[in-house]
Amino acid sequence: MSNNNFQAMNTETIGTNAGTVWVALNNATTLGIKQLKKVTKLKDKELYAALGWLAREGKVNMTQSSEDEKDILVTLI
C-alpha cells in the first residue's frame with residue numbers, strides 16, 4: 001500500500017534538519033520543543049529525528065521545562 005503524502009526520511013534529510021535545529025539553537029541558546037517547531041517549521045517526526053541526531057552526536061542537552069511540564073527545553077552543549 002502506497003501513501004503519496006509520506007516523505008521518506010533518509011540520513012541526508014535528517015542531517016539537514018539537524019543543521020536547521022542547530023542553527024536555531026545557536027541563535028537562541030535555549031528553546032522549547034514548541035518554539036523549535038515554530039522556528040524551524042519542521043513536523044514532529046522531522047524535529048524528533050533531528051534532535052536524536054544531535055543528541056547522538058552529543059551536541060544538545062534536553063531538560064523538562066519548570067514552567068510547562070509537557071515541554072522540553074533544548075540547549076546546545
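**Entry 1: α2 against α3.** I began with the helix pair α2 and α3 in this predicted model, and found that the axes of α2 (residues 33-40) and α3 come within 11 Å and cross at roughly 110 degrees. Since angles of 65 to 115 degrees count as roughly perpendicular, I noted α2 as roughly perpendicular to α3. I then looked up which residues make the contact: from α2 they are Ile33, Leu36 and Lys37, and from α3 they are Asp44, Leu47, Tyr48 and Leu51. Sorted by class, this contact holds 5 nonpolar and 2 charged residues, with no polar ones.

**Entry 2: the core.** Next I asked which residues have the most contacts inside the largest nonpolar core. That core has 14 residues, and the ones I wrote down are Val21, Leu25, Leu36, Leu47, Leu51 and Val74. Three of the names, Leu36, Leu47 and Leu51, I had already met where α2 touches α3. Each of the helices α1 (11-28), α2 and α3 supplies at least two residues of the core. As a background reminder, I noted that nonpolar side chains tend to be buried together in soluble globular proteins.

**Entry 3: Val21.** I followed Val21 further and, leaving aside neighbours within four places in sequence, listed its contacts as Leu36, Thr40, Leu42, Leu47, Ala50, Leu51 and Leu54.

**Entry 4: the sheet.** I turned to the strands and asked in what order they lie in the sheet. The 3 strands form an open sheet ordered β1-β3-β2, with antiparallel pairing. β1 (30-32) and β2 (60-64) stand at the edges with a single partner strand each, so one side of each has no neighbour in the sheet. From one strand to the next, the twist averages 25 degrees. Between β2 and β3 (residues 72-76), which run antiparallel, I counted 5 bridges, and for Gln64 the bridge partner in β3 is Ile72.

**Entry 5: helix on sheet.** I checked where α3 sits relative to the strands, and found that α3 (residues 44-56) lies across β2 and β3, running at about 120 degrees to β2.

**Entry 6: the whole chain.** Last, I looked at the protein overall, which has 3 helices and 3 strands, running α-β-α-α-β-β from the N terminus on. The C-alpha trace spans about 45 × 25 × 20 Å along its principal axes. Of the 77 residues, 29% count as buried. I also looked up how far apart in sequence the contacting residues are: among contacts between residues at least 6 apart, 49% join residues at least 24 apart.

Conventions: Residues are numbered from 1 along each chain as its sequence is written. This is a predicted model: local features need pLDDT of at least 70, side-chain atom pairs count only at pLDDT 80 or more; totals for chains, interfaces and linings use all residues. Side-chain values use heavy atoms; hydrogens and water are left out. Two strands pair if DSSP finds at least two bridges between them. Helices (H or I, at least four residues) and strands (E, at least two) are DSSP runs, numbered from the N terminus. Axes are lines fitted to C-alpha atoms, for helices over the stretch in contact, and angles run from 0 to 180 degrees between N-to-C directions. Contact means heavy atoms within 4.5 Å. Angles under 35 degrees count as roughly parallel, over 145 as roughly antiparallel, 65 to 115 as roughly perpendicular and the rest as oblique. Ala, Val, Leu, Ile, Met, Phe, Trp, Tyr, Cys and Pro count as nonpolar, Asp, Glu, Lys and Arg as charged, and the others, Gly among them, as polar. A nonpolar core is a set of buried Ala, Val, Leu, Ile, Met, Phe, Trp, Tyr and Cys residues joined through side-chain atoms within 4.5 Å. Buried means under 20% relative accessible area, exposed over 50%, partly exposed in between (1.4 Å probe, protein chains only).
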